[in-house]
Structures are given as structure tokens and as C-alpha cells.
Amino acid sequence: MDNLEFTAIVAIASILAGLLGALTGLGGGVIIVPLLTLGFGVDIRYAIGAALVSVIATSSGAAIAYVREGYSNIRVGMFLEVATTFGAVTGALIAAKTPTRVIAIIFGVALLVSVYLTNRSHRTQAVDLPIDPLATRLKMDGSYPTPQGEKSYHVQHIPGGFAVMLVAGALSGLLGIGSGALKVLAMDQVMQLPFKVSTTTSNFMIGVTAAASAGIYFSRGYIDPGLCMPVLLGVLVGAWGGAKVLVRAKVNALRIIFSIALLAIGIQMIYNGITGGI
């Protein structure tokens, strides 16, 4: 296979990854890394570098729309980005010194956990909650649009959410994924934000988290332009198509199919890590 054929195949596969990532809310990174490592034999660190670049692009585009529509909580996002950025830089530094087989095993476990978290039931809106003094001091309480008008909410348990974000950031830097499932867990379950606010604020944060760790990968030489270019363009096209299809698609059925695929990929990554296949 020559370079042109390789680039074309990677771009097509990345379109599919971006499409599935947009339809399920997990992002294309969870598909890109195992696709490149298991399907094309790319070193996992270069695959992670390409995935991080694609995450930055897709997150930045979607974040603008969510902020404009009034769903994202900017103050919560900016505060928690301190944790995710620190975690991302730490994870990227660890990845440079960690054997690839160990990274593969951690990636597989992360996929299995992501499948579990994304298939849990979520609240469509937060119930009436007491005012948290720390959230009030940091001016984190907000509101978001609903068919019945603006709905106010109170942010809870900020230290707990901050701690989960440290872990999410570390996984993002170590594995090249957005860790959206963990970010949503921190805001939805721990900080008890409405689910739409959690998901949109997570999307707002993912790009910054990925950019922090991508800088480390770039300095180590793991950002290959020849690989990143088809991945980036493919994921962007796929994510754009996924946003269009999402309106008409039966997302629950897609989520089940995608979850089964992720389970298989996760088990395969763990197996190859244990046996030394990666």
C-alpha cells in the first residue's frame, strides 16, 4: 500500500469514526486510536497524537454553537479546565514513558467504562437543589433554555467534580480521547448539573484539554502531519454528517450497536496489550 492509498483509506475510516462519534456522543477519538493501531499497525502514540488533533477541531466547532444557544456553563467549564489541563499534561508526560502494551490495556479498560457510563440513564433536568455556598461564591449557578422558558439550576459538590476532572484529564492526555463520558459523569452525577448543560459544557472543555496534551505529544515528535491530516478532515466531515443525521436517526438503536462494537474493540485492545500484540 502506497502513501496515497493509505491516506485515502484512513480518511474514509475517519469519516465513519466521526459519524459514529457524533451520533453517540463519545467523539471520534475512541474509534480512531484502535482503528489506527489494530487496523493499520500504527504506533499507539502516533495514533493518540492524531486523535488529539481531531478532538481539538471537532470540539471547537461544536462548542461555538452550544455557547451561542446558552447551554454551556462557561464559568463551570473554565474552572474545571484547570483540573483537566493539569491532568492532561500529566497524562501526556506519563504516556511518553509508558510501554505501549500498558497504554493499550488502559485504553481497553477506558472503552469498557465509557460504554457503561454512556448507557446509564440520565436526568433530563436537575431537580430543585439547595444553594451551595462555594458555587455561589464562584458564581457558577446558571440557567439554560427549555421549551417552557429558562430553567435555573444550582451547582453542587464542586471539590468532588474537580477531582473527577483530574482523572478525566489524565486519561485524555494518556489515551488521546476526549474523556467526555467521565466529564459528563462529574457534572451530571457529582455536581448535579442538568444533563444538557453537562454534555455541552463537556464539549466546550474537551478541546482545551486535548490541546494541552497535544503540545506534549508534539514536543515528543508524535504528531505526524501526514497521519493527522486525513484523520482530522475525515473526523470533521463525519461529525458534520452525524449532526445532520442525528435529527432523524434512532439514536438508541445506534447506541446499542456502537456499544457492542466498543466492547469488542475494548476487549481486543486489552488482549493485544496482554499478549504483546501492540
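I started with the largest nonpolar core of this predicted model: it has 40 residues, and Leu 36 and Tyr 217 touch the most other members. Next I asked which helix gives the most to this core, and I found α3, residues 44–69, with seven residues.

I then listed the neighbours of Leu 36. Leaving out residues up to four places away in sequence, I noted contacts with Val 10, Gly 41, Val 42, Ala 47, Ala 50, Leu 227 and Val 231. Another core lies apart from the one with Leu 36, and I counted 18 residues there, including Leu 80, Ala 135, Tyr 144 and Val 197.

On to helix α9. I checked its span: at 1.5 Å a residue its 25 residues should cover 36 Å, and the end C-alpha atoms are 36 Å apart, so the two values agree. I also looked for a bend, and there is a kink of about 30 degrees in α9, centred on Met 205. Just after α9, I met Gly 221 with a positive phi of about 85 degrees.

Last, I went through backbone angles. Most residues other than glycine have a negative phi, so I was glad to pick out two exceptions. The phi of His 157 is positive, near 50 degrees, and this residue sits in the loop between β2 (149–153) and α7 (158–175). Is His 157 buried, partly exposed or exposed? I put His 157 down as partly exposed, because its relative accessibility is 41%, between the 20% and 50% cut-offs. Gln 192 also has a positive phi, near 60 degrees, and I located Gln 192 in the loop that joins α8 (180–190) and α9 (195–219).

Methods
Residues numbered from 1 in each chain as written. Predicted model: local features only at pLDDT ≥ 70, side-chain atom pairs only at ≥ 80, totals over all residues. Heavy atoms only, no water. Helix = DSSP H or I, 4+ residues; strand = E, 2+ residues; numbered from the N terminus. Buried < 20%, exposed > 50% of the residue type's maximum accessible area, 1.4 Å probe, protein only. Core = buried A, V, L, I, M, F, W, Y, C linked by side-chain atoms within 4.5 Å. Contact = heavy atoms within 4.5 Å. Expected span 1.5 Å × (residues − 1). Bend = angle between axes of the 7 residues up to and from the residue.
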